[in-house]
Amino acid sequence: MKDIKSLTLDELTQAVNDLEMPAYRAEQIYKWLHEKGISSFDEMLNIPKNIRTLLGDIYYISVASIEKKLISCYDGTIKYLFKLYDGEFVESVLMDYHHGYTICISTQVGCKMGCTFCATGKSGFSRSLNASEMLAQIQTAQQDNHIRISNIVLMGMGEPLDNYDNVLRFLRLVSATQGLNIGMRHITLSTCGVVPRIYDLMNESLQVTLSISLHAPNDHIRSQTMPINNKYPVDTLLNACRKYVDKTGRRITFEYAMIDGINDSDDCAYELSHKLKGMNCHVNLIPVNDVNGVNYRKSNKQRLIEFSKILDKNGITVTIRRTLGSDIDASCGQLKRNYVPQADSEA
Ligand code: SAH
Ligand code: SF4
C-alpha cells in the first residue's frame, strides 16, 4: 500500500492521471486529505464510490490516533501519545501561547543519537516517520481541540536532520497554500547538530528557524552528554551555524539545558559568550528535565539567572524559557517511555 498523504499536489495529479481520472480530482482529493484531514476514503463525499474504492485498494491514509492524552492543570498544555498505522507510538505537545497554538511534533519513533539526558535517546530507535505522519499529528490535535495551530516546532521525538528527505517533504506540504498553509516562518527545526544536513538545509533557502541543541560550550563537556559531538565538534557546528545565518539572514536559537555541576558554571557561561560572539543568535536556557534512570539534576533558578547575566553582559541575547506543562512532563519521550516499557533498549 502506498502513502497518499505524503504526495505533493503535483505528484497526486500525476498519480490521478496514471489512473486515467481527470486532473481536477487531484485537487479534490488533496483538499480532503490536507485541508479537511479526513481519515478514510469514504469521507470524500464528492468523489464517486468506484474511485474511492480504487484509491483504497492502492493507497492508505496516515493517521495519528489518540492513545493517551494528558492535560496540564497549570496551563492547559496537552500532551498526546499517538498511535501510528503500524502500532508504533509517538508524542506531541500542544501549547497555548498568547500569540496562538504551537505544536511540538515528533519526526522519528525514537532516536539514534543517544544524548545522555534525553528520554527519547534512552529508548533507542525504531523508525523514521513519513511526512504524512508528521502532518497527521497536527491534524489530530487541531480536530481534537477545534482549533487552528499557527506554529510548529520539530522538537518532539527524533532527530529531524536524520530524517532529512521526509522532513523536507513535510515542510513543503504543511506550508502549501492548498494544505494546512502554515508558513515556514512559523516553523522551528531543532537539531543536535548533524552538520552536513545543516549545509543542505541552508541551500534549500527556506525561511524556517533553526534551533541548535548546544547544551555545552566545549567538546570536553558536550562529548560526554551528546555523542554526535564526537563526529561534529563544537567549532565545526558553530562554523556551520555562522554560515547558516549569513546565507539565510535568519537568527539561530541555541538550546541550553542546565545540568547541575556539568555545564552550568560561570566559566561555561564565559566560554559560551566567547564562542557565540558576533553571531545573530539567541540562547534559550532551561533547567534540564528529570528523566527516569538518569542521574542529572537541574540547576537551580539562581544559577540560571546568574548564567544568563553573564551571557547578557557579554552581548549575547538570552532568555530563560518558561516551562509549560511541568505537571504532565511535557518533555518528549517520557510518556512513551513510561507507557511502552518494552521499547527501552536498556533494562
Ligand atoms: N533531536 C532534536 C529535536 C528533538 S529533542 C534535538 O536534539 O534538537 C528537543 C529538545 O529537547 C532538544 O533541544 C533537546 O536537547 C531537548 N531535551 C532532550 N532531553 C531533555 C531534558 N531531559 N531536559 C531538557 N531538554 C531536553
Ligand atoms: Fe535524539 Fe534530540 Fe534526544 Fe538527542 S536530544 S537523543 S538528538 S531526540
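Tutor: Ser205 follows α7 and has a positive phi, near 50°. The model is predicted. Let us start from that helix.

Student: Which residues of helix α7 are buried?

Tutor: In α7, residues 195–203, they are Val195, Ile198, Leu201 and Met202. Buried here means under 20% relative accessible area.

Student: What puts the buried residues on the same side of α7?

Tutor: Their arc around the axis does. The buried residues cover only 110°, so they lie on the same side of α7.

Student: What covers the buried residues of α7?

Tutor: The cover includes two helices, α6 (164–175) and α10 (234–248), and the strands β10 and β11 (209–213).

Student: Why is Glu20 called exposed?

Tutor: Its relative accessibility is 74%. The cut-off for exposed is over 50%. Glu20 therefore counts as exposed. Glu20 sits in the loop between α1 (9–18) and α2 (24–36). Its phi is positive, about 60°, although Glu20 is not a glycine.

Student: Why is Asn181 called partly exposed?

Tutor: Asn181 has a relative accessible area of 37%. Buried is under 20% and exposed is over 50%, with partly exposed in between. The value of 37% falls in between, so Asn181 is partly exposed. The residue belongs to the loop between α6 and β10. Asn181 also has a positive phi, near 60°, and is not a glycine.

Student: What makes the pair between ligand 1 and His215 a polar contact?

Tutor: An oxygen atom of ligand 1 lies 2.5 Å from an N or O atom in the His215 side chain. The limit is 3.5 Å for a pair of N or O atoms, so this pair counts.

Student: How do you know that Glu159 and Thr191 make polar contacts with ligand 1?

Tutor: Apply the 3.5 Å limit again. A nitrogen atom of ligand 1 is 3.1 Å from an N or O atom in the Glu159 side chain. An oxygen atom of ligand 1 is 3.4 Å from a polar backbone atom of Thr191. Both distances are within 3.5 Å, so both pairs count.

Student: How much of the accessible area of ligand 1 does the protein cover?

Tutor: It covers 90% of the 530 Å² that ligand 1 has on its own. β10 (187–191) and β12 (252–258) each give two or more residues to the shell. In total, 19 residues surround ligand 1, and Phe117, Ser190, Ser213, His215 and Asn289 are the closest.

Student: Which residues surround ligand 2?

Tutor: Cys111, Met113, Gly114, Cys115, Cys118, Gly121, Gly158, Glu159 and Cys192. They divide into five nonpolar, three polar and one charged.

Note on methods. Residues are numbered from 1 along each chain as its sequence is written. Chains are lettered from A and ligands numbered from 1 in the order in which they are written. This is a predicted model: local features need pLDDT of at least 70, side-chain atom pairs count only at pLDDT 80 or more; totals for chains, interfaces and linings use all residues. Side-chain values use heavy atoms; hydrogens and water are left out. A residue is near a molecule or strand if one of its heavy atoms lies within 4 Å of it. A polar contact is a pair of N or O atoms within 3.5 Å; within protein, one must be able to donate a hydrogen and the other to accept it, and residues adjacent in sequence count only if both atoms are side-chain atoms. Accessible areas come from the Shrake-Rupley method with a 1.4 Å probe; for residues, only the protein chains shown count as cover. Helices (H or I, at least four residues) and strands (E, at least two) are DSSP runs, numbered from the N terminus. Ala, Val, Leu, Ile, Met, Phe, Trp, Tyr, Cys and Pro count as nonpolar, Asp, Glu, Lys and Arg as charged, and the others, Gly among them, as polar. Buried means under 20% relative accessible area, exposed over 50%, partly exposed in between (1.4 Å probe, protein chains only). The arc is that of the directions from the helix axis to the C-beta atoms. Contact means heavy atoms within 4.5 Å.
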